[in-house]
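Colleague: Could you walk me through how to read a model like this one? I'd like the general idea each time, then the actual case.

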Amino acid sequence: MKTTRVLAATTTVAAAFAMSGCVANNPTSGAQAITVASTADACDVSADTATSGNVSFNVTNAGDTVTEFYVLADDGLRIVGEVENIAPAASRALTIQAQPGNYFTVCKPGMVGDGVGKTPFTVTGQEIAVDQDEAAQTATAVTNYTAYVKTQVGELVTNVKKFTDAYVAGDDDEARKLFPLARVSYERIEPTAEQFGDLDPKIDYRKPGAEAEGLEFTGFHRIEMDLWYGEAVKNYPNEDIEQLTDAGRKKVADQLNTDIQALYDKVHSADFALTLADITNGAIGLLDEVAAPDGKLPGEEDEFSHTDLYDFYANVEGADVAYESVRDIAIAKGAEGKTLVAELDKQFKAMKEALAKYGNYTDGFVSYDTVSQEQRNALGAQLNALSEPLSQLTHTVLGVEQAE
């Protein structure tokens with residue numbers, strides 16, 4: 001069974017909670033009841049299996065900070081259901097309509113970071129009916145994608161702090177290892193982050209871009225230039241590039257953490273909102289980030305570290321999550337939508353398989369300067385094969401005519 005069908009079906013009740021801000025203190029009548037105990041370092045779920053249908057998670061915060069609980073799809077990224085802002089000693093319930101499939105459960109004490117106690121959760125049994133109401137599907141897609149963006153920024157806060165701590169401490173080997181990993185969450189949601197026009201230049205501008213706009217060169221790539229100083233001298237032989245002092249390191253690290261925290265505050269503010277078009281346009285925007293002249297495919301994004309493949313994969317992952325969020329809406333549009341979905345399923349799978357030949361987050365990706373032009377052309381061809389149908393997604397989902 002397709003995971004995307006699972007997503008649409010299972011998010012209905014959870015979305016209603018999120019949109020209304022209501023708290024379901026009493027699980028849905030007849031739902032299977034599962035208890036969850038969230039602490040500072042554990043997320044104990046009383047069962048790791050359930051049968052398809054209504055499943056209620058009664059989450060108790062046994063820690064001393066506000067916590068969250070998530071049910072994630074089988075990719076570990078897409079949010080099927082969530083309950084947030086659970087105060088210490090308080091309990092909240094999350095009820096989902098679960099389709100058969102594989103999921104993960106995870107808690108997030110402190111509401112930032114990667115979460116704790118991430119555990120597989122399996123749903124068996126028969127497929128249940130899916131709500132085909134387009135308005136409900138749209139609300140569900142927007143609600144869950146918005147929650148996904150918030151989750152990614154939460155992970156960004158802690159991962160960037162870990163990276164900059166190593167950098168400021170002078171542990172350059174550790175900082176070089178953490179640099180591409182700290183950027184993953186940002187690269188997955190880059191178009192959303194770019195909506196906050198004043199922050200993206202501070203966080204992710206490359207040296208030529210900052211100088212062209214007369215901006216101070218800060219953020220990820222300023223630190224990258226310092227950590228890979230030899231590459232910087234080689235790339236800019238006619239410039240007097242000096243390594244940063246300890247005070248200089250602390251200044252750029254503090255600024256990056258400040259800007260990431262500002263991004264967190266903006267996406268968690270009451271007036272932060274995304275639309276269906278933001279999701280679909282963001283999907284193609286992420287692939288545009290890869291193909292741009294100063295992007296990952298030509299190897300310009302990470303010109304000193306050559307860690308472009310991490311960013312490349314994260315952009316594709318982010319586009320896939322956005323696509324999966326609206327996949328059922330596209331299917332509901334009829335034969336044209338079903339054809340588009342079949343093609344996108346095929347091309348996303350092929351793109352990920354092509355990138356997996358070069359590594360993964362756990363074991364690391366190869367340095368991009370070792371990828372030959374012929375190999376880059378093959379990645380580019382697959383990227384084009386994916387980008388072409390993805391560019392049709394907005395028109396199909398919104399039901400508008402595509403411009404000639």
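Modeller: Let's start with contact, which here means heavy atoms within 4.5 Å. Helices (H or I, at least four residues) and strands (E, at least two) are DSSP runs, numbered from the N terminus. Keep in mind that this is a predicted model, where local features need pLDDT of at least 70 and side-chain atom pairs count only at pLDDT 80 or more, while totals for chains, interfaces and linings use all residues. Residue numbers run from 1 along each chain as its sequence is written, and side-chain values use heavy atoms, with hydrogens and water left out.

Colleague: Okay, a helix first. How many residues of helix H7 are buried?

Modeller: Buried is under 20% relative accessible area, exposed is over 50%, and partly exposed is in between, with a 1.4 Å probe and protein chains only. In H7 (residues 220-227), eight of eight residues are buried, so the helix is mostly covered. Charged side chains are in there too: the buried set includes Arg 222, Glu 224 and Asp 226, along with Phe 220, Ile 223 and Leu 227.

Colleague: And what covers the buried residues of H7?

Modeller: The cover includes H2, H3 (172-188), H5 (200-204), H6 (207-212), H8 (229-235) and H9 (246-267).

Colleague: Let's zoom out. Which domains is the protein chain divided into?

Modeller: The bounds come from an automatic or database domain assignment. The chain splits into domain 1 (33-129) and domain 2 (149-398). Their centres, taken over C-alpha atoms, sit 28 Å apart. Ten residues of domain 1 are in contact with eleven of domain 2.

Colleague: Where does UniProt place its "domain: Imelysin-like" feature?

Modeller: At residues 141-393, according to an unreviewed UniProt entry. UniProt positions are in the numbering used here, feature names are shortened, and annotations may be inferred rather than shown by experiment. In the model, the chain over 141-393 is 71% helix and 2% strand, and its end C-alpha atoms are 14 Å apart.

Colleague: Now cavities. How many of 30 Å³ or more turn up in the whole structure?

Modeller: Picture a 1 Å grid over the protein atoms alone: a cavity is a set of points where a 1.4 Å probe fits but cannot get out, and lining residues have an atom within 4 Å of a point. Points are joined across faces, edges and corners, and the volume is the space filled by probe spheres set on the points. The search finds two cavities of 30 Å³ or more. I'd look at the second largest, which holds about 50 Å³ of space.

Colleague: Why does the second largest cavity lie between domain 1 and domain 2?

Modeller: Because both domains give residues to its lining. E5 (67-72), E6 (79-86) and H2 each supply at least two of those residues, and H2 gives the most, with three. Among the lining residues are Glu 68, Glu 82, Glu 84, Lys 108, Ala 147, Lys 150 and His 268.

Colleague: What classes make up the lining of the second largest cavity?

Modeller: Ala, Val, Leu, Ile, Met, Phe, Trp, Tyr, Cys and Pro count as nonpolar, Asp, Glu, Lys and Arg as charged, and the others, Gly among them, as polar. The lining has three nonpolar, two polar and five charged residues.

Colleague: Ala 147 was on that lining list. Is Ala 147 buried or exposed?

Modeller: Buried, since its relative accessible area is 5%. Ala 147 lies in H2. Beyond neighbours within four places in sequence, Ala 147 is in contact with Ile 79 and Glu 82. Ala 147 and Glu 82 are 65 residues apart in sequence but 8.1 Å apart in space, C-alpha to C-alpha. Thr 146, also in H2, is buried at 13% and touches Phe 272 and Leu 274, not counting residues up to four places away.

Colleague: Last one, backbone angles. What is the phi of Ala 89?

Modeller: Most residues other than glycine have a negative phi. Ala 89 has a positive one, about 75°. Ala 89 is in the loop between E6 and E7 (91-98), and at 69% it counts as exposed. His 306 has a positive phi too, about 60°, in the loop between H10 (276-291) and H11 (308-331). His 306, though, is buried at 15%.

How values were computed
1 Å grid on protein atoms, 1.4 Å probe; cavity = no way out; pocket = protein on both sides within 12 Å on 5 of 7 lines; lining within 4 Å.
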